[in-house]
Amino acid sequence: MDKDKLQPKRVQDSMVTLARVMQPSDANPGGIVHGGSVMKEIDNAAGVVAIKHAGNLAVTASIDRIDFHNMIFIGEMITIKASINMAGRTSMEIGVRVDAEDLLKGTSRHVSSAYLTFVAVDKVTGKPLPVPELILVTDEEKRRNRGALKRKELRMVLKKFETSCKLDPTACINLDVGTGNTVSVS
Ligand SMILES: CC(C)(COP(=O)(O)OP(=O)(O)OC[C@H]1O[C@@H](n2cnc3c(N)ncnc32)[C@H](O)[C@@H]1OP(=O)(O)O)[C@@H](O)C(=O)NCCC(=O)NCCS
């Protein structure tokens, strides 16, 4: 189906908040939760948002980076908030924030953030499918969208850079990060 035939959706139509108490199986023997356990929850929440927005299956194409700001311990509850920042033709950037709550003390802290790109795909062929346009309502949504468009641009620059490196390793050191072009150094 063409993208312009899809019903546009708002950010709030797909945003989710999931919560889970951290178990011993999520942690190392010292009781500190593995980064991988948090990453799985981030991927899961972002996937829910992507599927809700796309109205189709969606797969993780890439994760920019994940920062872990604070440790999480067994017995704490993590809350994962995820919402769509940008809808491209077939891809979507999802922003995720994770907070951890000490249930006994009732205190909460920001533990992690991440940006993920999902691509809507056809269940049978696995080929990318168009996603609905994103309706931006609030100033915050517009600000996040601008950031997401910039990051998409940077991802494309990096991809071009990596491809050029594979073809010509000397090109790697001559990248103009402003344009994404390789430049010759005399
Ligand atoms: C993600 C996937 C569907 C992309 O397929 P593709 O044929 O390379 O897609 P295209 O080059 O046509 O690009 C489609 C869109 O994905 C985006 N995209 C592709 N690779 C990307 C990447 N690594 N990071 C971010 N976006 C990416 C493109 O920018 C494009 O966006 P747009 O349509 O909004 O402009 C395909 O690589 C795939 O199936 N990967 C495996 C996904 C998976 O199994 N994930 C779970 C891993 S554990």
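Let me begin with a definition: two residues are in contact if their C-beta atoms, placed from the backbone, lie within 7 Å. Please keep this in mind as we turn to the structure, which is a predicted model.

The chain contains two helices and seven strands, and along the sequence they follow the pattern β-β-α-β-β-β-β-β-α. The C-alpha trace spans about 60 × 45 × 40 Å along its principal axes. Of the 186 residues in the chain, 26% are buried. Among contacts with a separation of 6 or more, 69% join residues 24 or more positions apart.

I now turn to helix α1, residues 35–54. Does its length fit what we should expect, and what does it pack against? At 1.5 Å a residue, its 20 residues should span 28 Å, and the end C-alpha atoms are 28 Å apart, so the two values agree. The buried residues of α1 include Val 38, Ile 42, Ala 46 and Val 49, and also Glu 41, Asp 43 and His 53. The buried residues of this helix pack against β1 (9–10), β2 (16–21), β3, β4 (77–87), β5 (91–102) and β6. Just after α1, Gly 55 takes a positive phi of about 70 degrees.

Finally, let us consider the ligand. Which residues come nearest to the ligand? Of the 14 residues around it, they are Ser 62, Gly 88, Arg 89, Thr 90 and Ser 91. Two elements, β3 (57–68) and β6 (107–121), each give two or more residues to this shell, and β3 gives the most, with four. By character, the shell divides into five nonpolar, seven polar and two charged residues.

Terms used
Residues are numbered from 1 along each chain as its sequence is written. This is a predicted model: local features need pLDDT of at least 70, side-chain atom pairs count only at pLDDT 80 or more; totals for chains, interfaces and linings use all residues. A residue is buried if 20 or more other C-beta atoms lie within 10 Å of its own, exposed if 12 or fewer, and partly exposed in between; C-beta atoms are placed from the backbone. A residue is near a molecule or strand if its C-beta atom, placed from the backbone, lies within 6 Å of it. Ala, Val, Leu, Ile, Met, Phe, Trp, Tyr, Cys and Pro count as nonpolar, Asp, Glu, Lys and Arg as charged, and the others, Gly among them, as polar. The expected span of a helix is 1.5 Å times one less than its number of residues.
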